[in-house]
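This report looks at charged side chains and how they pair. The model comes next.

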Amino acid sequence: MNPLRIGLVGTGPWASATYAPALAGHPGVELSGIWGRRPEAAAALADTHKTTAYADVDELFAASDAMAFAVPPDVQAPLAERAAAAGCHLLLDKPVATTPEGARKLAEAAERAGVASVVFFTLRFADVSSGWLAEQSAAGGWFTGRVDWYGSFFAPDGGGAAFSSPWRASKGGLWDVGPHALSLLLPVLGDVTDVTAAPGPGDTVHLILRHAGGASSTAALSLTAPVKAAGLAMELRGESGTAVLPAWEGADEAFPAAIDALAEAARTGTAHPCDVRFGLRVTEILARAEERISAA
């Protein structure tokens, strides 16, 4: 079989550290080219990975079977719409957009074009965490859960310069780590039917979620926690007791699995659980939480 030609949109730290190396090193993929809003950065990254830097993003779409996006969400959404219209499958970053309208337009474009899509919710593709989630989903009987995701990128004592992009600084933990939290809770507890949200210190947000099956959950989300307070925890409680999310390896281990998932969805035509429609639902829930915080 010919390798899947995947182009990359983006040249920032996330693209340089994770996306480009994984795409260039994947045995079933050809990194077909790179486009970025800074042509000099695209040229440098393309040179590192022995591919082509494109000045015109539509030309990259035409030279690719699929596109991976490592740009801010509200830059990603309209570009991914264009990629879908050009017949490219979509490997998207989370959140797919920060407005329901933007996410819905993207989902409709992908459906209209008949292209496959996968959203890179990191823990849904890391071996340990994805296996654990499958086990808990199969077990069932959970009546409550919680996810605490305390990042320290923007803490006074933090070291997150590589991640201090304007959109993260503007949207905070709700939109950066909130998608990860929902990607863990929804497959186990079901869709969210109601959300309550309250602000905490810095950008910290606390969510209370009601799920379709009657379960409830909470999520604490932050990018401004002190360094020594940072960390991730997930816990489920139910008929079989308590289950705790085990440690995971990180994005470098998970991203190749997302590439595999997109290739499989493109080959079979079977939608992946983390497709753009799921990304749309995550955006809708977070937007509702944002409304609740604004009204508080």
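The text below covers salt bridges, their settings and their exposure.

This is a predicted model, where local features need pLDDT of at least 70, side-chain atom pairs count only at pLDDT 80 or more, and totals for chains, interfaces and linings use all residues. Residues are numbered from 1 along each chain as its sequence is written, and side-chain values use heavy atoms, with hydrogens and water left out.

A search of the whole structure returns 15 salt bridges. The term means a side-chain nitrogen of Lys or Arg within 4 Å of a carboxyl oxygen of Asp or Glu. Three of them, including E284 with R104, are tabulated here.

| Pair | N to O distance |
|---|---|
| E284 and R104 | 3.2 Å |
| D176 and R168 | 3.2 Å |
| R267 and E264 | 3.0 Å |

What do E284 and R104 tie together? E284 sits in helix α10 (residues 276–295) and R104 in helix α5 (residues 100–113), so their salt bridge joins parts 180 residues apart in sequence. Helices here are DSSP runs (H or I, at least four residues), numbered from the N terminus. A network of salt bridges links R104, D191, R281 and E284.

R267 and E264 share helix α9 (residues 251–268). They are three residues apart, about one helical turn.

Exposure classes follow relative accessible area: buried is under 20%, exposed over 50%, partly exposed in between (1.4 Å probe, protein chains only). D176 is buried at 3%. Its partner R168 is buried at 13%. E284 is partly exposed at 23%, and R104 is partly exposed at 31%. R267 is exposed at 54%, while E264 is partly exposed at 40%.

Key. Helices (H or I, at least four residues) and strands (E, at least two) are DSSP runs, numbered from the N terminus.
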